[in-house]
Amino acid sequence: MKLILIFALITTFISLALSRSQFWGKRVAGDRMIISRNVTIYPRAKVIPMHLFKFPLAGRSNDRLITAVQVLDNFRNNSGVTPILKVGGPGRTFTTVLLQGQSGRGFNASVILYGR
Ligand SMILES: *[C@@H]1O[C@H](CO)[C@@H](O)[C@H](O)[C@H]1NC(C)=O
Ligand SMILES: *[C@@H]1O[C@H](CO)[C@@H](O)[C@H](O)[C@H]1NC(C)=O
Ligand SMILES: *[C@@H]1O[C@H](CO)[C@@H](O)[C@H](O)[C@H]1NC(C)=O
């Protein structure tokens with residue numbers, strides 16, 4: 001029991017250390033990618049890089065239900081992004097995801113939405 005817990009802690013730690021990729025929701029039969037966006041922010045001294053990803057995009061509408069929200073941290077080290085699902089997401093037709101990086105560092109992330 002203790003060993004399993006320690007193993008879980010270690011694997012959590014490793015995945016956090018390698019990247020902060022996130023997956024919310026669940027792919028289902030018949031869904032497909034509805035949008036994919038790469039967000040690259042260049043480092044600026046003492047600035048915490050942030051990007052608010054809003055779907056549907058400004059001036060657009062969407063009537064498909066989101067099944068899954070995926071954020072890929074394209075930096076495969078521990079200096080990348082921490083994604084936070086702020087609004088909507090799986091089961092909704094809209095979502096807002098906050099991508100937050102680390103002070104003085106840039107990030108490179110992909111936001112991918114699946115829906116049907
Ligand atoms: C977005 O990022 C992914 C993952 O790094 C890459 O495979 C893809 O080519 C990029 N797409 C664009 C349009 O830059
Ligand atoms: C960062 O994102 C761009 C696309 O926006 C991609 O072409 C590039 O390979 C990425 N770089 C890294 C280090 O992941
Ligand atoms: C992490 O990887 C990215 C892309 O390869 C790089 O630009 C960045 O400087 C790296 N960060 C650190 C702390 O090594």
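Strands are DSSP runs of at least two residues in state E, numbered from the N terminus. By that rule, Thr40 belongs to strand β2, which covers residues 32-41. The model described here is predicted. This briefing covers the chain as a whole, then strand β2 with Thr40, then ligand 2, and last Trp24 in strand β1.

**The chain as a whole**

- The chain has 1 helix and 7 strands.
- Read from the N terminus, the order of elements is α-β-β-β-β-β-β-β.
- The chain has 116 residues, and 21% of them are buried.
- Among contacts in the chain with a separation of 6 or more, 76% join residues that are 24 or more positions apart.

**Strand β2 and its partner**

- Strand β2 has 10 residues, and the number of them that are buried is 0, so the strand lies largely in the open.
- Strand β2 pairs with strand β7, which spans residues 107-115.
- The pairing of β2 and β7 is antiparallel and runs over 9 bridges.
- Within this pairing, Thr40 stands opposite Asn108 of β7.

**Thr40**

- Thr40 has 12 other C-beta atoms within 10 Å. A residue counts as exposed at 12 or fewer, so Thr40 is exposed.
- His51 comes 11 residues away from Thr40 in sequence, and the C-alpha atoms of the two are 9.3 Å apart in space.

**Ligand 2**

- The residues around ligand 2 are Asn38, Thr40, Asn74 and Asn108.
- This shell holds 4 polar residues, with no nonpolar and no charged ones.
- Thr40 and Asn108, which stand opposite each other in the β2 and β7 pairing, are both among the residues around ligand 2.

**Trp24**

- Trp24 is in strand β1, which runs over residues 22-25.
- Trp24 has 16 C-beta neighbours inside 10 Å. Burial takes 20 or more, and exposure 12 or fewer, so Trp24 counts as partly exposed.
- Leaving aside residues up to four places away in sequence, Trp24 touches Ala68, Val69, Leu85, Gly89 and Pro90.
- One of these contacts, Pro90, is 66 residues from Trp24 in sequence, while the C-alpha atoms of the two are 7.0 Å apart in space.

Definitions and conventions: Residues numbered from 1 in each chain as written. Chains lettered and ligands numbered in written order. Predicted model: local features only at pLDDT ≥ 70, side-chain atom pairs only at ≥ 80, totals over all residues. Near = placed C-beta within 6 Å. Nonpolar A, V, L, I, M, F, W, Y, C, P; charged D, E, K, R; others polar. Helix = DSSP H or I, 4+ residues; strand = E, 2+ residues; numbered from the N terminus. Pairing = 2+ DSSP bridges.
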